Amino acid sequence: MRRNQMLSPEAEAEAEGALLRRLEDDIIFGRLAPGTRLVEDAMMERYAASRHYVRRALAALERDGLVHLARHVGATVCTFSPQEVRQIYEVREMLTRQIILMIPLPAPAPLLARLEAIQAEYRREEAAPDLRRLHELNDAFHLAMFEACGNPYLVRTAKDYMRLTLPVRAANLASPQGLQRSRGEHEIMLDLLRGTDGWALAQLNIDHMRGSKNDYIARAAQTAASPSPLTERTGNRS
């Protein structure tokens with residue numbers, strides 16, 4: 001939406017939100033690769049948005065850790081080196097293991113009912129995937145499970161690291177194989193939550209994360225793709 005069109009404050013907020021979601025989706029699902037330079041003029045054309053809206057969206061995504069803004073360079077999609085990804089996932093794995101081991105097993109019936117409802121919707125979405133909705137359901141499943149540990153500070157920290165690794169992990173849901181693997185492992189987690197083996201449940205959650213990490217590192221080792229008309233590749237990183 002061009003800013004020179006008169007909009008109510010509510011409509012302006014809706015237009016900004018829609019642009020932010022589209023740009024975020026393009027980043028977290030890999031359509032804008034890590035390290036890609038985001039050229040304002042090209043983005044205005046692609047998203048049919050004013051420079052004002054584009055800049056506000058980029059600023060919001062910088063706060064979320066998805067975009068890096070640098071003077072004299074502009075905006076780039078944040079990227080991590082393989083070593084940084086390994087280090088970040090070391091933290092995620094430690095947090096996740098501790099959280100899962102704190103969940104009482106067998107899990108309470110309300111928790112199982114909540115997770116089963118999320119998983120049922122996840123299966124329905126798999127038939128005609130909406131990547132944004134699948135991503136939301138995936139995170140909802142894991143956060144609902146994490147909250148059962150009873151320590152909101154651990155959960156908040158885990159959520160921050162989930163957000164930090166969005167470009168690393170969300171792209172896997174765009175793959176039919178990655179989606180099928182994710183759904184299948186959720187089903188096994190539900191089975192383990194009905195039992196008493198907390199260590200098996202913790203290890204499955206760790207293994208569940210490692211697929212995305214390993215795929216990202218493998219992609220980083222490949223030759224960079226040719227830039228699209230919208231973007232340029234740059235060596236800058238956050």
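**Around helix α2: asking how we know**

Me: The buried residues of α2 pack against α1 (9-28), β1 (36-38) and α3. Which residues of α2 are buried, then?

Reply: They're Met 43, Met 44 and Tyr 47. Buried means under 20% relative accessible area, exposed means over 50%, and partly exposed is in between (1.4 Å probe, protein chains only). Before we go on: this is a predicted model, where local features need pLDDT of at least 70 and side-chain atom pairs count only at pLDDT 80 or more, while totals for chains, interfaces and linings use all residues. Residues are numbered from 1 along each chain as its sequence is written, and side-chain values use heavy atoms, with hydrogens and water left out.

Me: How do you know where around α2 those three sit?

Reply: Look at the arc, taken from the directions from the helix axis to the C-beta atoms. Met 43, Met 44 and Tyr 47 cover only 105° of it, which puts them on the same side of α2. It helps to know that an α-helix has 3.6 residues a turn, so residues three or four places apart point the same way.

Me: What makes a stretch count as a helix or a strand?

Reply: Both are DSSP runs, numbered from the N terminus: H or I over at least four residues for a helix, E over at least two for a strand. On that basis the protein chain has ten helices and four strands.

Me: Why is α2 called parallel, perpendicular, antiparallel or oblique to α3?

Reply: Helix α2 (residues 40-47) and helix α3 (residues 51-63) pack at about 105°, and their axes are 9 Å apart. The cut-offs are: under 35 degrees roughly parallel, over 145 roughly antiparallel, 65 to 115 roughly perpendicular, and the rest oblique. So α2 is roughly perpendicular to α3.

Me: Which residues make that contact?

Reply: On α2 they are Glu 40, Asp 41, Met 43 and Met 44, and on α3 they are Arg 51, Val 54, Arg 55 and Leu 58. Contact here means heavy atoms within 4.5 Å. These residues divide into four nonpolar, no polar and four charged.

Me: What makes Ala 48 stand out?

Reply: Ala 48 has a positive phi of about 50° although it is not a glycine. Most residues other than glycine have a negative phi. Ala 48 comes just after α2, in the loop between α2 and α3.

Me: How do you know whether Ala 48 is buried, exposed or partly exposed?

Reply: Its relative accessible area is 41%. That falls between the two cut-offs, so Ala 48 is partly exposed.

Me: And what does Ala 13 count as?

Reply: Ala 13 is in helix α1, and at 49% relative accessibility it counts as partly exposed. Ala 13 and Tyr 53 are 40 residues apart in sequence, yet 10.0 Å apart in space, C-alpha to C-alpha.

Me: Why is Glu 185 called buried or exposed?

Reply: Glu 185 has a relative accessible area of 13%, so it is buried. This residue is in helix α9 (residues 176-193). Glu 185 touches Leu 204 and His 208, not counting residues up to four places away in sequence.

Me: Which peptide bond is cis?

Reply: The one from Leu 105 to Pro 106 is cis, with omega near -5°. Pro 106 lies in the loop between α4 (82-101) and α5 (109-127).

Me: How much of the protein chain counts as buried?

Reply: Of its 238 residues, 42% count as buried.

Conventions
Axes are lines fitted to C-alpha atoms, for helices over the stretch in contact, and angles run from 0 to 180 degrees between N-to-C directions. Ala, Val, Leu, Ile, Met, Phe, Trp, Tyr, Cys and Pro count as nonpolar, Asp, Glu, Lys and Arg as charged, and the others, Gly among them, as polar.
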